[in-house]
Amino acid sequence: EAKVFYVKGDNPSRFAVHLRDYAEQLVDMTDKMEGHCSSAQPDGTAASYEVGRPCLAVYKEDGYWYRATVKEHDLTNNTFKVEFVDYGNAAEGLTVADVRPLPEEFSLLPAQAVWCCLAGMEGRDWDTDACTHWKELTSEEELRARVVEVSPSGLYEVELTGSAGTPFTQHMAPLADPPLEVIDEGGENLD
């Protein structure tokens with residue numbers, strides 16, 4: 001079981017968390033990356049940032065630099081789409097001025113966006129009310145996650161709980177489409 005912070009995702013079928021144990025290291029590294037990128041000039045041509053290449057990229061919403069991976073390269077416009085590996089979000093339309101090579105010192109910490117699904121919830125559909133309820137459940141500062149298994153798609157299937165200790169599966173299973181039957185450890189149906 002690990003303490004986690006909820007990072008990104010609109011529903012229990014796919015979301016990202018940060019492990020609390022790495023939170024301080026991530027903040028320190030982000031501060032160092034900001035200092036590095038504010039003093040470094042763009043390095044390389046658009047051709048040097050091929051798809052799959054790790055890099056540092058600016059997130060235009062806040063102006064800060066983060067670790068990323070090049071996901072798409074539009075050769076016509078010399079723009080990039082990147083995914084920020086520590087937060088799971090993406091940015092499009094970046095130019096060479098918006099990316100930098102990733103120095104080795106910033107590649108030592110593993111990617112911090114850990115992609116998960118609530119146990120048994122991968123591939124289910126959710127209406128607006130269910131997504132709102134999910135956002136309320138995950139709004140706590142610190143959650144607990146226990147990996148149940150790794151799904152065929154590579155998501156960590158987790159049991160997620162908040163401060164009350166009630167597994168989020170109990171809250172969300174009846175709201176899934178199709179609904180999921182929840183059985184406790186004693187074999188009792190919890191619906």
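Helices and strands here are runs assigned by DSSP and numbered from the N terminus, a helix having at least four residues and a strand at least two.

**Figure 1. Overview of the predicted model.** The structure shown is a predicted model. With helices written as α and strands as β, the order along the sequence is β-β-α-β-β-β-β-β-β-α-β-β-α. That gives 3 helices and 10 strands. The C-alpha trace spans about 60 × 35 × 25 Å along its principal axes. The protein has 191 residues, and 40% of them count as buried.

**Figure 2. Strand 1 and strand 2 form a hairpin.** Strand 1 covers residues 2-11, and strand 2 covers residues 14-19. The hairpin passes from one strand to the other through 2 residues. The two strands run antiparallel and are joined by 5 bridges. One of the pairs to look for is F5 with H18, its bridge partner in strand 2. Strand 2 also pairs with strand 8 (residues 114-118), in the antiparallel sense and over 3 bridges. Here V17 stands opposite V114 of strand 8.

**Figure 3. Strand 9 pairs with strand 1 and with strand 10.** Strand 9 is made of residues 143-150, and 3 bridges link it to strand 1 in the antiparallel sense. Strand 10, residues 156-161, is also antiparallel to strand 9, with 6 bridges between the two. R144 can be used to follow both pairings: R144 is the bridge partner of K3, and R144 also stands opposite T161 in strand 10. Strands 9 and 10 form a hairpin with 5 residues between them. In its turn, G154 has a positive phi of about 95 degrees.

**Figure 4. A nonpolar patch includes a residue of strand 10.** V147, V150 and Y156 make a nonpolar patch of about 260 Å² on the surface. Y156 belongs to strand 10. Its relative accessible area is 37%, so Y156 counts as partly exposed. In a regular strand, side chains alternate between the two faces of the sheet.

**Figure 5. Strands 4, 5 and 6 are linked by two hairpins.** Strand 4 (64-74) and strand 5 (79-84) have a loop between them that contains N78. These strands pair in the antiparallel sense over 6 bridges, and D74 stands opposite T79. Their hairpin has 4 residues between the strands. Strand 5 then pairs with strand 6 (residues 90-94), again antiparallel, over 3 bridges. In this second pairing, E83 stands opposite A90. The hairpin of strands 5 and 6 has 5 residues between them, and G88 in the turn shows a positive phi of about 85 degrees.

**Figure 6. N78 has a positive phi.** N78 sits in the turn of the hairpin formed by strands 4 and 5. The phi of N78 is near 50 degrees, a positive value in a residue that is not glycine. N78 is partly exposed because its relative accessible area is 38%, and the partly exposed class lies between the limits of 20% and 50%.

**Figure 7. Four aspartates gather in a negative patch.** D125, D127, D129 and D177 make up a patch of negative charge on the surface. D129 is located in helix 2, which covers residues 128-137. The relative accessibility of D129 is 61%, so this residue counts as exposed; the cut-off for exposed is over 50%.

Terms used:
Residues are numbered from 1 along each chain as its sequence is written. This is a predicted model: local features need pLDDT of at least 70, side-chain atom pairs count only at pLDDT 80 or more; totals for chains, interfaces and linings use all residues. Side-chain values use heavy atoms; hydrogens and water are left out. Two strands pair if DSSP finds at least two bridges between them. Patches are made of residues with over 30% relative accessible area and no salt bridge: like charges are joined within 9 Å, nonpolar side chains (Val, Leu, Ile, Met, Phe, Trp, Tyr) within 5 Å. Accessible areas come from the Shrake-Rupley method with a 1.4 Å probe; for residues, only the protein chains shown count as cover. A salt bridge is a side-chain nitrogen of Lys or Arg within 4 Å of a carboxyl oxygen of Asp or Glu. Lys and Arg count as positive and Asp and Glu as negative; His and the chain ends are not counted. The place of a charge is taken as NZ of Lys, CZ of Arg, CG of Asp or CD of Glu. Buried means under 20% relative accessible area, exposed over 50%, partly exposed in between (1.4 Å probe, protein chains only).
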